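Here are a few exercises to work through with the model open in your viewer. Try each task before you read the solution below it.

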Amino acid sequence: MRTPLFVLIWAIVGLALYLVFEIFGNDYLFFAGYIVLQYIVLATAWNILGGYCGYVNFGSAGFFALGAYSGVFLYTVGQGVDDFGTEGFGALMHLIFPVPVPIIIVIGGIVAGLVGLGTGYLTLRLRGVFFAIATLALAVVLETLVVNWSYVGGSRGAYIIPPSEIPIFGPYVQFLFALMIVLVIVALTSARLIERSRLGYGFATIRDDELAAEACGVPTLRLKLIATTISGALMGMAGAPFPFYIGYVEPASAFNLSYAVNAIAMPMIGGTTSWIGPLVGAVLLGSLQQLATVTISSAANLLIVGLLLIAFVIVAPNGIVGLVQGWWRKRSANTPTKTSTTSSAKPSTTSGEAKP
Amino acid sequence: MSDVMSTAATQAAPQSASGPILQISGVGKRFGGFVALDGVNFDVARGERVGLIGPNGSGKSTLVNCICGTLQNETGTVTFDGKAMNGLVAHQRTHLGLARSFQLPRPFSSMSVADNIRVPLMYTVATRSGHHLSHAELSDHCHELLKLVSLEAKGSHRVQDLTQVEQRKLELARAVAAEPKLLIADESMAGLSHSEVEDIVSLLLQLNERGITIIMIEHIMRAVMKFSQRLVVLVSGKKVADGEPEAVVQDPEVVRAYLGQ
Amino acid sequence: MELELLLNALVAGLLLGGFYAAVTLGISVSFGILDIVNIAHPAFIILGSYVAYIISSKFGIDPIVVAIVMLPFFYALGSAIYQIYYVSFERRGQEALRGLAFFFGLLFVTEVLLILVFGVDYRYVEAVYIGPTLHLGILEFPLRMLVPALVSIAMFCCLQLYLSKTFTGRAIMAVSQDPLALRLMAVDPTRIKRVAFSISIATAALAGAFLIIIQPVVPSVGRDYIGIIFAICVLGGLGSLPGTLIAALLLGIIESLTSIYIGPSWAPAVAFGVLLLTLAVRPSGLLGR
């Protein structure tokens with residue numbers, strides 16, 4: 001399937017979802033749906049580095065929060081824009097601020113992407129394990145920095161007051177929901193494009209055997225840096241609208257461990273070898289958690305996620321998608337005419353696209 | 001056979017004027033307190049067939065790793081095709097025309113057999129020539145390379161479904177796919193039957209005829225003697241012999257190294 | 001006055017470092033020697049804290065004594081976990097991604113279970129040495145820090161002796177370098193690794209007791225220690241027990257000085273900052289292999 005068609009299909013799905021929710025008329029659907037969509041982006045982003053390249057990121061919360069706090073920062077500057085006066089520089093500031101949310105998303109992505117690049121540059125020459133630990137370290141360092149930065153609220157937190165209504169969409173949350181749908185399409189399309197391109201092959205070789213990959217001419221460090229940057233940027237983009245969604249941002253919630261756990265659990269449960277896996281994992285686990293938070297405590301909720309993660313990692317390492325593929329392969333093997341199908345990755349039906 | 005092999009030959013031709021294709025001078029490598037390589041020196045001429053032998057633990061694999069960039073030697077210089085390799089990482093050396101197969105096969109296990117061959121084609125051959133290969137060209141090249149090692153029927157199989165012997169052949173094919181000027185075949189014949197060994201030897205001879213310089217690391221003396229124009233012997237990280245195969249195997253020091261003191 | 005403050009900051013740092021050494025010892029074995037990234041280690045330490053808390057408050061026994069009694073149980077727990085890890089991941093050669101995810105899940109599940117059972121109130125223990133301070137001239141040694149630090153150093157010495165003098169201990173050091181050679185000596189590498197991993201979890205029992213002596217404990221505290229543990233491990237150099245001890249003392253001093261001269265809210269970043277710096281500049285650490 002060509003990419004434009006793929007984007008079109010998902011755009012239609014997204015639009016349909018939006019309209020269905022609108023017809024139901026219940027705001028809750030948009031609020032809960034936003035979170036699930038956000039997790040699709042996070043899970044897909046994590047998987048680009050984790051599933052495709054085999055490098056685990058424990059600090060997804062850090063990248064998410066980078067996006068969120070970029071939003072807080074830009075909002076806070078916008079709030080204080082009158083302090084710059086109306087002449088010269090002040091006029092310029094008034095022109096730029098308040099920054100519209102879509103632009104904030106892009107900026108959040110850039111900030112998080114750069115931090116990802118930097119972290120990668122420092123640690124990706126070492127073994128994957130050190131990278132994983134470094135991502136944990138990064139999240140804590142970032143949180144400490146934010147806690148000590150009173151301009152964005154520090155540990156007291158910051159209040160964000162978005163408009164309650166917006167033209168075309170009505171309630172502001174519906175606007176954010178629509179933005180998140182666009183992000184989901186961006187994330188899924190990027191993941192799928194990567195998978196099917198030369199870049200995707202390169203990532204897979206890094207995961208399978210980095211030493212052999214180098215021997216085959218794959219520039220592993222460069223590819224890992226690309227993966228880290230894209231992954232970080234997507235996570236930052238997912239986090240950027242969050243302050244406008246939730247209204248009050250404090251470090252404990254922005255850097256919450258549940259982001260780190262879910263970003264790992266969703267792709268590992270859904271399946272790490274293709275873009276479908278994180279989507280499946282995020283939709284299932286995300287919806288489950290939205291239901292669970294209202295019925296049982298949030299602690300029990302996280303317990304279930306953790307247990308599922310352990311169970312799948314031990315029993316079904318290729319996730320739900322892997323289980324389905326395995327079942328499909330067994331069926332085809334039993335059919336007399338077919339020889340074995342291709343392996344779980346890389347259906348290269350499109351022409352090889354040259355990528356860096 | 002095809003453009004695959006002739007490209008390697010045309011690449012080898014222009015530089016065939018000057019000097020050895022590989023110069024190893026004073027190469028040394030330690031692991032903690034253990035000296036794996038101790039000032040190794042030898043040259044390899046263009047188009048030559050060199051056999052590298054030595055008892056287990058003599059440093060052969062470490063030497064290969066240092067030549068190819070998987071490890072960086074601490075002392076001395078590796079010069080390939082007139083260029084110093086110090087500081088260059090493995091993939092850069094592969095792009096310059098150095099390829100190796102691994103002693104224990106290291107296939108990309110999540111991909112099909114054909115896809116394993118695709119990787120060096122996409123990342124070395126395409127990069128080197130500056131234009132990317134279309135899907136059809138890639139498939140053709142893959143197919144030819146698989147034919148070279150009689151694996152053309154198993155292109156779409158998963159690597160896990162191959163036998164050990166087939167995995168070794170895939171390993172070799174993957175190295176050849178990078179269209180190298182110099183190929184290091186690291187124990188590619190371990191575990192093969194008599195006729196399979198013959199097959200690999202004649203394959204390597206064929207490749208050599210097309211202009212690819214080959215260093216063969218082996219324990220199967222029959223193959224080494226048949227294949228090599230020159231024999232180099234490594235013992236405890238030092239080179240102890242370097243010359244005509246017949247002469248080297250009768251060298252008392254070599255005999256002592258293999259049979260023990 | 002200034003000198004007194006500095007000297008006591010150094011003393012506090014050393015004592016803190018001694019405690020950190022106990023906390024890191026387990027990982028030094030499982031990660032440094034066995035190459036298993038047991039990121040769930042802090043969870044077992046917290047588990048040790050809670051076990052010390054329950055038994056100590058119920059029976060009035062000293063928490064360190066409780067921990068020593070609990071050593072065999074934690075050892076058994078370690079064996080069980082290693083067995084699962086080995087069968088599911090190590091044997092299949094999939095330790096990198098899946099093993100990490102497994103331990104991460106374990107960290108998480110343990111923490112949440114503790115929350116569900118004990119809630120989020122701070123727990124603490126009572127002991128004779130919590131409270132009094134030893135005064136030597138202008139130096140002050142709070143006993144609640146001094147006792148754990150001393151026991152910790154004793155633990156280190158014991159383990160170092162074990163690893164260098166006993167057969168199993170030396171096999172453990174060998175298995176990390178050459179499992180094949182071990183097999184040729186008719187020693188089962190898997191069994192040796194299991195022993196080593198079990199020892200690493202057993203140390204968590206003692207570390208947990210130290211923790212709850214030094215500060216009140218809540219389940220999420222474990223995660224705060226991940227950075228400290230790995231920072232020390234990397235700084236000291238993987239596979240080197242003496243390196244771990246030195247790095248722990250160093251980190252304790254740095255943290256203590258930061259806390260007093262810059263501010264306590266910066267303390268969490270210290271360990272991680274040290275870690276990132278070490279990884280960027282000298283990844284093999286001070287005394288690494």
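**Exercise 1: a helix in chain C**

Task: compare the end-to-end reach of helix α5 (residues 143-165) of chain C with the expected value.

Solution. Step one: α5(C) has 23 residues and spans 32 Å from first C-alpha to last. Step two: the expectation at 1.5 Å a residue is 33 Å, so the two values are close (the expected span is 1.5 Å times one less than the number of residues). Helices here are DSSP runs of H or I with at least four residues, strands are runs of E with at least two, and both are numbered from the N terminus.

Before going on, some ground rules: this is a predicted model, where local features need pLDDT of at least 70, side-chain atom pairs count only at pLDDT 80 or more, and totals for chains, interfaces and linings use all residues. Residues are numbered from 1 along each chain as its sequence is written, with chains lettered from A and ligands numbered from 1 in the order in which they are written.

Task: which residues of α5(C) are buried, and what covers them?

Solution. Count C-beta atoms, placed from the backbone, within 10 Å of a residue's own: 20 or more others means buried, 12 or fewer exposed, and in between partly exposed. That picks out Met145(C), Val147(C), Pro148(C), Ala149(C), Val151(C), Ser152(C) and Phe156(C). Their cover includes α1 (2-33), α3 (63-90), β2 (139-142), α8 (189-214) and α10 (241-261) of chain C.

**Exercise 2: chain C as a whole**

Task: how compact is chain C for its length?

Solution. Start with the inventory: chain C has 11 helices and 2 strands, in the order α-α-α-α-β-β-α-α-α-α-α-α-α from the N terminus. Its radius of gyration is 19 Å, close to the 19 Å from the globule rule for 289 residues, so chain C is as compact as a globular protein of that length. (The radius is taken over C-alpha atoms, and the rule is 2.2 Å times the number of residues to the power 0.38.) The C-alpha trace spans about 60 × 45 × 35 Å along its principal axes, and 51% of the 289 residues are buried.

**Exercise 3: the sheet in chain B**

Task: work out the strand order of the open sheet and find its edges.

Solution. The 6 strands run β6-β7-β8-β3-β9-β10 (chain B), with mixed pairing; two strands pair if DSSP finds at least two bridges between them. At the edges sit β6 (98-101) and β10 (238-243) of chain B, each paired on one side only. Inside the sheet, β7 (residues 182-186) and β8 (residues 213-217) of chain B run parallel and share 5 bridges, one of them matching Ile184(B) with Ile215(B).

**Exercise 4: two interfaces of chain A**

Task: what residue classes does chain A show to chain C and to chain B?

Solution. Take chain C to begin with: 34 residues of chain A contact 32 of chain C, where contact means C-beta atoms, placed from the backbone, within 7 Å. The biggest contributor on the chain A side is α6(A), with 12 residues. That side has 27 nonpolar, 7 polar and no charged residues. (Ala, Val, Leu, Ile, Met, Phe, Trp, Tyr, Cys and Pro count as nonpolar, Asp, Glu, Lys and Arg as charged, and the others, Gly among them, as polar.)

Now chain B: 27 residues of chain A contact 33 of chain B. Here α8(A) gives the largest share, 6 residues, and the classes come to 10 nonpolar, 12 polar and 5 charged.

Methods:
Contact = placed C-beta atoms within 7 Å.
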